[in-house]
Amino acid sequence: MHSAIAPDIKLKALRPTCLGLLIVMAMDLNAEPSLEANIFTHFEAYQSSEDTPIDDLKWGESALFLTGRLSDRWSFLSEVSLAIPKYRDKTIKVERLRVRYDLNRNNWLILGKVHTPVNYWNDNFHHGRLFFPSINRPLSFQRFIPIHETGLRLAGNSLFGTNVGYDVMLGSGQSNGDDIFADGVQSYTGTLNWSPNNDLKIMASYYRDTIIDHEKNPFHGSGHVSPIGKDDASRSKDIDYELISYSMYWRGETFTTLTELSVNRSNGQGDFNEAVYQYVGYHYNEDITLYGLFDLVNVNAAEVHFIAGRESRYGIGIEYAFGLNTTLKLEVRRRDDHRGMMDLYNNEIQAQISFGF
Amino acid sequence: MRHRFYQSLLIALLLASSGVTAQDLLLIANVPDGSQFSEDYARSLLRGDKKNWDGGIGAQVALPSRKSQNYNEIAQTLLGFSGKRMQRLWFRLVFSGRVNPPTYLDSDADIVRFVMETEGAVALITQSKSDMSDLITIKIAP
């Protein structure tokens, strides 16, 4: 079903274009191919003052990560995650599968399923817990952040010879999942960033999508559909979704900070919903980091797609890195959840050991 | 005895005046045809800030492995921190898809051989080797 709200862009021609790109790629396979494989996994322990559905002990998501070069200019990246059936419907999921063609020194084209370049976290370390600054992803990732997109992405890291980078992505939209351009271009992502080196990156992005038949097709995962849609006319139809994000990552000799801010709204009306994630880490030495985190999501009452209410999580933690491949994190947090009918005040303690090989 | 002392002092002064010190490193690169080379850009490839040479040809970075004697020295010169932290940085960059996976090698000789054989390769070594005439070499002060 497609309403007039959805942009009437059915660029089915993009599918043969993508096929053409793959054929060009196949003709260019003249260099020695290479392949690198990494495996990531983690285990968690959790205790809280209130009853929650979270297990005391858990084997978390594992990921097989493959990267390689197909030729001088073509490379690929694949990430497949695995979780036991208790925790999700699909035991094995393809998280990323994309090929990259380097146009020149500073610009490249990507085709396939990627992490949508809307913020620093999603663009850098979505599935590898080993690299997460805190145990959990920001709360906004469970609801607002379009984690994956399947489509075509043009990116660069030196606009006009400066340290300004960009990303422009035409995507299939959250509703179509991995089915590339099944309904033409449904989502658009535009990102600008400034990064003089790997220790500092500031980025801002705008993302727009059409959520098809939003009552039956929740954003990503289940349980995100608002049970309190105010406008009956907006139920079971396509709605627009907009997300504006800002990120700043800085790694210094003594401190690391990561700020993730975003606002969003669906159906182009009402106030924006808000999300804030702030991490500050103090590097006691090379292996030990003490950190604090603050994480907040606030959905206004007029929202038609997401459950209205406020959810927050804040606390302190310690991270210990064993060599290169293992980290142990321990967090003590307060978590309040006032979404929908919930009224939870919870004190939590959580430990996570994560591996990467 | 005194003669030997003066001889040692003279050799030390000669070495110092020629600019050759134990901390000096050599940046070596097998630059692809048609690519421009600059020391700043080669350093940015070695730090993982950039991924490609001109024309989109991927850079192949060779780094000292944990077994290498130069593991910490090169990391300190390049990034200002330890070899372990350098490897953590590169692990994270590879995972994000920003760079090509680096090749970790145990000795200067292995690194020189790799750079000679690999178009687009770039690395830091501690001692000059014979037969590097095909490579660009630049002395890097610590």
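Start by selecting A:Asn267, which has a positive phi near 70° in this predicted model. The residue belongs to the hairpin of β12(A) and β13(A), where 6 residues lie between the strands.

Now widen the selection to both arms of that hairpin. Strand β12 covers residues 255–266 of chain A and strand β13 covers residues 273–283, and the two pair in the antiparallel sense over 10 bridges. For a landmark along the pair, pick A:Thr259 and look across to β13(A): A:Gln278 stands opposite.

Keep A:Gln278 selected and turn to its partner in another strand. In β14(A), A:Gln278 has A:Phe294 as its bridge partner. With A:Thr259 opposite A:Gln278 and A:Phe294 bridged to A:Gln278, you can use A:Gln278 to step from β12(A) through β13(A) to β14(A). Add residues 288–299 of chain A to see the whole of strand β14, which pairs with β13(A) in the antiparallel sense over 10 bridges. Follow the chain from β13(A) into β14(A) and you pass through a hairpin of 4 residues.

Next stop: earlier numbers in chain A. Select residues 187–197 for strand β9 and residues 200–211 for strand β10; these run antiparallel, joined by 8 bridges. What lies between β9(A) and β10(A)? Just 2 residues, in a hairpin. To check the register, click A:Thr189 and find A:Tyr207 opposite, in β10(A).

Finish by bringing in strand β11, residues 239–251 of chain A, which runs antiparallel to β10(A) and is joined to that strand by 12 bridges. A good pair to label here is A:Lys201 with its bridge partner in β11(A), A:Tyr249.

Terms used. Residues are numbered from 1 along each chain as its sequence is written. Chains are lettered from A and ligands numbered from 1 in the order in which they are written. This is a predicted model: local features need pLDDT of at least 70, side-chain atom pairs count only at pLDDT 80 or more; totals for chains, interfaces and linings use all residues. Two strands pair if DSSP finds at least two bridges between them.
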